[in-house]
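Reader: I should like to learn how to read the features of a protein model in a systematic way. May we go through one together?

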Amino acid sequence: MKNVIDVKNLNLTYNTNGSKPFYALKDVNLTVSEGKFVAIMGPSGSGKSSLLNVLASLQAPTSGEVLIDDQNIWQLNANQLAKFRGQKLGFIFQEYNLIESLSVFDNIALPLSLAKAKAANIKEAVNHVATLLHLTEQLTKFPSELSGGQKQRVAAARALVHQPKLIFGDEPTGALDSANAREMMNYLNKINNEQHISILMVTHDGFSASFANKIHFLSDGQIVQTLERGDQTREEFYRAVLDFLGTFEE
Amino acid sequence: MLTKIAVQTIKTKWKNLLILFAGLVISTAIFYMFSTVANNKAFLTANTSIKSIIVVFVIGEILLGLITFIYLNFANRFLVQLRQREYGLLMMFGANKLSISRLLFMETFFLGLISLVMGSFLGAGLTIVAGNVLQKQLDLTLPHWQIFNSTGFIITICYFIIVFSLNGFLNQLYINRTDINKLLQANQSAEKTPKTGVANFITGIIGIVLLILSFVVMAQLVAKGIFILIALVLAIVLNISGTYLFIRSSLTLVLNVLKGSSLSATGLRRFTLGQLSFRLRAFERILTIVTLLFALALGALTVGRGYELSTPTLAEQSSPFTININQPSKQDDQLISQLQGVTYTKTYQYKQLTNEIVWDAAQFDREPLPYYKSSTSDNSSFTASVPKIQFGNANQISKPNPSDFLIRKTLTDLATATNPNHISIGNTVDTHKFAISKAPVKRVTIVHVKNMTSQPNAQILKKLAATQTKRFPTLATLGVSGAYGFLEISKGVFGGLEFMGFFLAIAFLVMLASTLMFKVLSNVDIDRRRYQILTMIGATPAQRIFANALEIAIIFIVPLTIGIIDVVYGLPMFKALMVNPYIGLTSSLLIIVSFYTLYYVLTVIIYQQMLKKGNK
């Protein structure tokens, strides 16, 4: 199966001027196959967010290669990178990152507007994802008029609307209560299964991670363990994750 | 501990505080500048012939006071916004509301006090620079000009202390009334959602109606001098409330129409429109006062320029020659030869008898005498153009047609310097009488230049006039004849108004820049996240910069447009004071719009820098 993400010997260091550089990421190698849902777990400061930022082309690595859909993203210039992000990537964040000055419709439509899609096509695509994520009633509202769960669904709709290759999730359930978190994960699962969009999600929450096919555990900037879901049900995988976390944190 | 935290805040948020502080200092400085002139009654009355000038300045001071009040109120809320999360945290850790609100009061008050002191110095500095540069530039010496006026200073101090105390008190009230949770989440709270719906539609229409009404009142009542004071106040009230509602509601209507169109779907257009509908709501008060400041700056400059530009024209209309040099010396001839753009130079001979001046007729046939035809319309002096110079021979001088009678005036004006009684005695043009008279022959040279205010002409004419006045004491009271003499007298009459126009324009323009720039830049923190989101979604750097520049451009264009319309409709109010109030409009517009564009570019650059810095 083709890899949508291929990371080779990735390093990210800080304070390189000093005598001893600090490794936020150390020699990370990672692949995500097309259509797969992969989670990255680890304690605070383990390098989860740094890894996501580098993969999502938001922060340049010190060394190593990041291939997304066969494209070495760090060889692209700022404009090419922007276009690449606009076409291939979608983002969902803990703090929703919606633009408060735009209505729900306009927030979702943004990636398509940027890609200069036709108005009619934009409307169709937005309505499609809004139906999928149960947002049809909210389209004319502004983000400030929505609940946390609804905001995160809007963020998911925006990440999905342009049919990207890959969605990055940075603690997408971090700000949600358990019911909304479960609902959100079900939607992500649906997106992954029905739209065949790959997902790479960073989380510290075992429950959210149990929706993935594979979980990489990160500690001090290095991948120290990987769990595969295989044929296990989500509940079984969740228990396996909790068991592992018990030993991992010791 | 609380002080330590306050100092720490200043360290971390110094850039935001610097913008706030700069805004406060500039507003104090401008208020001081204005008060210094407005309260210098000796200066105002000595330099204008207009009785109501003091009333105009009192209205101006009230208006500026109002503008400053709104501005300070806004700046104050900005300060609270910067600090409130921290206050929430402190309260959560057990600090009581009383000490927190006292701290905020002290902060507001001291920040105000420091800016008051610095602003007063800056104001005095600006008054010196603006005053001296302008007087030099406009070639004026104005009596009773001061850079410090005790009444003006006291008014400035009292006004600002009152406003800062009031703001401090309002802050205290706010902190006391707001619960901790709200304070903690203050930074995340969204901006006001733009209003749509029927109410907004109605206020939008009312806004347009009020604006139009204000123009009607200006053009129909104030300009025609009907109930002038009441009409003036009515025009101001209608205009300000109209502008406010227009920005608040009418523009939202326009934005909604644009948002609905399919054209807005591509690129970041929707984003820009969305930003604007939020911004206009948050900016409604600031944009109203910026519009007012823009109109005041443009209006003041136009009137100033109007006097500057129309006095040479009026002077040109007064005489067909620029200057007359009696008994020209070699040095005079040399100076005359250096003049540029000379239309003609003519020298005539005359003999001065006890009761008349006798001119050789033959010389006028050789060198005809310049004059203006008298205009047939009654409003001749009210036209802005200079009539064509005519030339008449001896016969025309002796027996002029009714329309050529002004040729006699030219003749009378020629030999003023050598004859103290030149008005009462006759001028005879007679070759024979000239030949037989034993009186000594005297000469007078007249010159006409196309432009007497440009260099080197202005300098040379000044020298020529000075030597003439020195040689002929009569001129000390009479002044030299010709257009140049008229120009010098006009400067004494209109120079004060001209100066005040320019001076006020500078003050309003600086205040405008500081207000608008401050308000726009105070949004960087809110916008930074939005632009980061756009980056993630795939907006290119160029798209982001363009969207930002366009958004700021539209915010800048709103006051510009309304301000220009205000001035176009407001200028007829000055018809009573000047020949053609519009004469200075084009050049003033050019000057003000250039400065305004410069502010715009500067704001966009600073905005981009601040956005970038935050990203690191």
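Reader: Into which domains is chain B divided by the domain assignment?

Author: A domain need not be one unbroken stretch of sequence, as this predicted model shows. In chain B, domain 1 covers 1-189, domain 2 is built from 193-307 + 501-616, and domain 3 covers 320-480.

Reader: How far apart do the C-alpha centres of domain 1 and domain 2 of chain B lie, and how many residues does each give to the contact?

Author: The two C-alpha centres lie 23 Å apart. The contact takes 17 residues from domain 1 of chain B and 17 residues from domain 2 of chain B.

Reader: Which elements supply the side of domain 1 of chain B that touches domain 2 of chain B?

Author: At least two residues each come from α2 (14-38), α4 (53-92) and α5 (97-137) of chain B. The element that gives the most to this side is α2(B), with nine residues. By class, the side has 15 nonpolar residues, two polar and no charged.

Reader: How should a record be read beside the model, for example the one for residues 63-171 of chain B?

Author: One reads what the record says, and then examines the same stretch in the coordinates. The UniProt annotation, from an unreviewed entry, gives residues 63-171 of chain B as "domain: ABC3 transporter permease C-terminal". In the model, this stretch is 85% helix and 0% strand, and its end C-alpha atoms are 25 Å apart.

Reader: Which strands of chain B pair with β7 (residues 441-449)?

Author: Pairing is read from the bridges between strands and from the sense in which they run. Strand β1 (residues 323-326) of chain B pairs with β7(B) in the antiparallel sense over four bridges, and B:Ile325 stands opposite B:Thr445 there. Strand β2 (residues 342-352) of chain B is also antiparallel to β7(B), joined by nine bridges. Within that pairing, B:Lys346 has B:Ile446 as its bridge partner.

Reader: How many residues does each chain give to the contact between chain A and chain B?

Author: An interface can be described by counting residues on each side. Here 23 residues come from chain A and 21 residues from chain B. On the side of chain A, the elements giving two or more residues are α2 (78-88), α3 (104-114) and α4 (119-132). The largest share, six residues, comes from α2(A). This side of chain A has twelve nonpolar, six polar and five charged residues.

Reader: Why does the radius of gyration of chain A agree with that of a compact globule?

Author: The value is set beside the one expected for the chain length. A compact globule of 250 residues would have a radius of gyration near 18 Å, and chain A agrees because its value is 18 Å. Along its principal axes, the C-alpha trace of chain A spans about 55 × 45 × 35 Å. Of its 250 residues, 48% count as buried. Among contacts in chain A between residues at least 6 apart in sequence, 69% join residues at least 24 apart.

Reader: In what order do the four strands of the open sheet in chain A stand?

Author: Chain A has eight helices and ten strands. Four strands form an open sheet in the order β2-β1-β4-β5, with antiparallel pairing. At the edges stand β2 (22-33) and β5 of chain A; each has a single partner strand, so one side of each is left without a neighbour in the sheet.

Reader: How are the pairings of β4 (residues 63-68) of chain A described?

Author: Five bridges join β4(A) to the antiparallel strand β1 (residues 3-14) of chain A, where A:Lys8 has A:Glu65 as its bridge partner. Two bridges join β4(A) to β5 (residues 71-72) of chain A, again in the antiparallel sense. A:Ile68 stands opposite A:Gln71, and A:Leu67 stands opposite A:Asn72. The hairpin of β4(A) and β5(A) has two residues between the strands, and A:Asp69 takes a positive phi near 50° in this hairpin.

Reader: Is A:Tyr14 buried or exposed?

Author: Burial is judged by counting neighbours, and a residue with 12 or fewer is called exposed. A:Tyr14, in strand β1 of chain A, counts as exposed because it has 12 C-beta neighbours inside 10 Å. Not counting residues up to four places away in sequence, A:Tyr14 touches A:Pro21, A:Phe22 and A:Ala24. From A:Tyr14 to A:Arg234 there are 220 residues in sequence and 38 Å in space, C-alpha to C-alpha.

Terms used. Residues numbered from 1 in each chain as written. Chains lettered and ligands numbered in written order. Predicted model: local features only at pLDDT ≥ 70, side-chain atom pairs only at ≥ 80, totals over all residues. Contact = placed C-beta atoms within 7 Å. Nonpolar A, V, L, I, M, F, W, Y, C, P; charged D, E, K, R; others polar. Domains from an automatic or database assignment. Rg over C-alpha atoms; globule rule 2.2 N^0.38 Å. Buried ≥ 20, exposed ≤ 12 C-beta atoms within 10 Å, placed from the backbone. Pairing = 2+ DSSP bridges. UniProt positions renumbered as here; feature names shortened; annotations may be inferred.
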